[in-house]
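Q: Please take a close look at one part of this model, the packing of neighbouring helices. Then go through the charged pairs and a few single residues, giving the cut-off behind each term.

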Amino acid sequence: MKQNRLSLDNISTKQMIGLMVLAYAFSFLIRMIWVWQFKDTSSFYWNGQLMINTNDGYFFASGVQKALEGLHQYNPRVFGIFDYGVIFITTLLVKFTSMSIETAILYAPAIFSSLVVIPIILIAKLYNNTLWGFFAALLGSITWSYYNRTMIGYYDTDMFSAMAPMFILFFLIKSTLDFNLRSALYASIAIVIYPFLYDQGLAIVYAIGIIYGAYMVWFHRDSKVTYSSLILVFIALLPLHHFIDIPYNYIVHIILLIGLYIFFKKDTLEKEKLIIITGVVFFLFLVLGDVFSLIWTKVTSYTISGTENGSLHFYAVNQTVREAGRIPFETFANRTSGSIVGVIIALIGYVLLVIKHRAFILALPLIGIGVFSLWGGLRFTVYAVPVAAMSAVYLFWFIAEKFIEEKKAQIAFVGILTAGMIYPNIIHIIGYKVPTVMNKMEVADLDKLNKIASPKDYTLTWWDYGYPIWFYSDTSTLIDGGKHNNDNFIISKILFSTSPEQIANLSRLAVETYVDSNYSIVANTLFKNKNPNQLLEELKKPEFKLPKKTRDVYLYMPFRMINIFPTIGVFGNLDLTTGRKERNIIFYPTNAIRQNGANIVFANGIVYDMNSGILKMGQQGAKVYKFDIVEYRPNGKSIKKSEIKHIDGNYVIVFLKTYGKFIIMDKQTYNSAYVQMFMLENYDKNLFELVISSPYTKIFKIKK
């Protein structure tokens, strides 16, 4: 090695730890930008702390509440302390620090995701270039996609998604270099722990394990350590959770690995026997782990669309989720490395890295799943970020060592180019002003519901609001962010129904059926061996016989539902027997951008002539049946003005004056539950009780 090349002789262990601390601090402080931006926004605070900015976070936060406060005992969807690593770790964070639950869930993503700098630097240390790892850690810890999914407030398992695999990668690469069985043991323990931290990444770990096996057999087939290492790794990959209940499977798994490690250290088995055992364990891993099926399922689950086939035809949810759609190359590039130039540098760097240090082929699944995001959606880019950062900075070091002699100049060169790649990511972070999931007034409404309702009660609404409802009201829901299946049809029907009797009857029937069936999918239970259209018609009758009431049921209708209301309608606007759309739903929320005389010009290009009562959509005109003006007062009451324009009109315009928002809709949608009950406060007082009313929320209690 040239004298001027950076090596471990230049960076001591103490200095390396200092660089880790510095990189960690950089990662954490960059994430504090979001806090600084919103520290004075009072509507984002609850219980004296900024609220989180991802819906899914309330799923795990409810688990923390259950562990610490004993809440959600009647909610079958809230998991416990040993079910998810994020619940376990956050519970410890609250128990052994001065943090409240609100503070812990807010800052946990930054606390744990920033640990990614450690394996990045350690991997670089294996190749005698700690500064390569340091610069890569600065870049990889805050790159666009990784930041988005691990920013302060983004309380989700994503904080472990790329960080934990990098530890696995470090130990696996180390085992290929030092041939110390202990490295394979550490890798195996990390593999066992990974699903506890991030269960969605199992397919990626499987792929890394398979490549590791192929690599070791191809390049190191003559060594006994190869087969001992592979046995440990494949044993770690075996799905023991199928046979042992959580949490004990992790403990048993780790004890088993340590026992095998001690046994192999005694060196009592011949290589031929180790080869046979390796083959058997690998076969068991493939069969019991259902490896190829799992990987295929992960791929296809993000590429399906349309209605789900079966005896009944329900709408598939995947294509309504933004994360699951195809993304352009520019988006992939930005999210992986910060720019198109950056991702090209990273891809070239990765190829060079594999050529120079072949063990980096083990990182191929992480790069591969990142590239898959072009078809699978945004969420997959995050896995590639740390390896992409290492690859890009490695290319910079390669160029520096080829063309620059002086050591300080090399460092300056790499530092400047790394800063150039960091810059667009910092610009993105500054502009990425994500609001909290809910504002203070919305949470205040749910807090009121918490005081009114029993923990046994159910709150029916769209799945986007399920988890926050758990956390703030301690009631259960029928669908939520992780359980949005055929029961989406039920909730969609309730919100779009024009029959008050059907709304009340279906709400009661759905909840009691869900509880009585041990929390099975309601739609499947209700429509089993029964024509769904016939049942839905029967539910419109006051005399419909309902099951015995065992708890209260509430309908949650927030203002924020307006923008997704047409999407909600898609799920219920189906004839389940054929899968065909029942009607064309028209619901256009918009704002007025100007007024020309009697003409109101809307942001979506539609023009409304107030004198003639005609909507002009392009070259076509349409009669407006009714024009309503609604204004909400601070005391919760609303003022309504209504004007009939054309009896034979097919369109209705509702102007929500409080929000400055116009909604253009068809007449049937105008008569739907959400429009009548939330927007206009028109409801059957014999069937519903308005228990909470504010400009943000209407919550109704079902009287049946």
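A: Contact means heavy atoms within 4.5 Å. Helices (H or I, at least four residues) and strands (E, at least two) are DSSP runs numbered from the N terminus. The model is predicted, with local features needing pLDDT of at least 70 and side-chain atom pairs 80 or more, while totals for chains, interfaces and linings use all residues. Numbering starts from 1 along each chain as its sequence is written, and side-chain values use heavy atoms, without hydrogens or water.

Take helix α12, which covers residues 224–237. One of its partners is helix α10, residues 181–197, whose axis comes within 8 Å of the α12 axis and crosses it at roughly 10 degrees. That angle makes α10 roughly parallel to α12. (Angles under 35 degrees count as roughly parallel, over 145 as roughly antiparallel, 65 to 115 as roughly perpendicular, the rest as oblique; they run from 0 to 180 degrees between N-to-C directions, on axes fitted to C-alpha atoms, for helices over the stretch in contact.) From α10, the residues in contact are L181, A184, L185, S188, I191 and V192. They meet V225, S228, S229, L232, V233, A236 and L237 of α12.

Helix α12 also packs against helix α13, residues 248–265, with the two axes 10 Å apart. Here the angle is about 170 degrees, and α12 and α13 are therefore roughly antiparallel. On the α12 side of this pairing stand S228, I231, L232, I235 and A236. Across from them in α13 are H253, L256, L257, L260, Y261 and F264. L232 of α12 thus appears in the contacts with α10 and also in those with α13.

For a single residue of this packing, consider L260, which is placed in α13. Leaving aside residues up to four places away in sequence, L260 touches L232 and I235. L260 and R379 are separated by 119 residues in sequence and by 37 Å in space, C-alpha to C-alpha.

Charged pairs come next. Over the whole structure, a search finds 18 salt bridges (a side-chain nitrogen of Lys or Arg within 4 Å of a carboxyl oxygen of Asp or Glu). One of them joins the side chains of D40 and K39, at 3.2 Å from N to O. D40 is exposed, its relative accessible area being 66%, while K39, at 43%, is partly exposed. (Buried is under 20%, exposed over 50%, partly exposed in between, with a 1.4 Å probe and protein chains only.) Another salt bridge links D158 with R149 at 2.9 Å, N to O, and both of these residues are buried.

The side chains of E681 and K698 form a salt bridge too, at 3.6 Å from N to O. This pair links distant parts of the chain, 17 residues apart: E681 sits in the loop between α29 (673–679) and β18 (688–693), and K698 in strand β19, residues 697–702. E681 and K698 are both buried. Elsewhere, K549, D552 and K701 are joined into one network by salt bridges that share partners.

Two further residues complete the picture. T150 lies in the loop between α7 (144–148) and α8 (158–161). At 0% relative accessibility, T150 is buried. Beyond four places in sequence, T150 touches R31, P109, A110, S113, D158 and M159; D158 is the partner of R149 in the salt bridge given above.

D628 belongs to strand β14, residues 620–632. Residues up to four places away again left out, D628 touches K641, S642, E643, I653, V654, F655, Y670 and L680.
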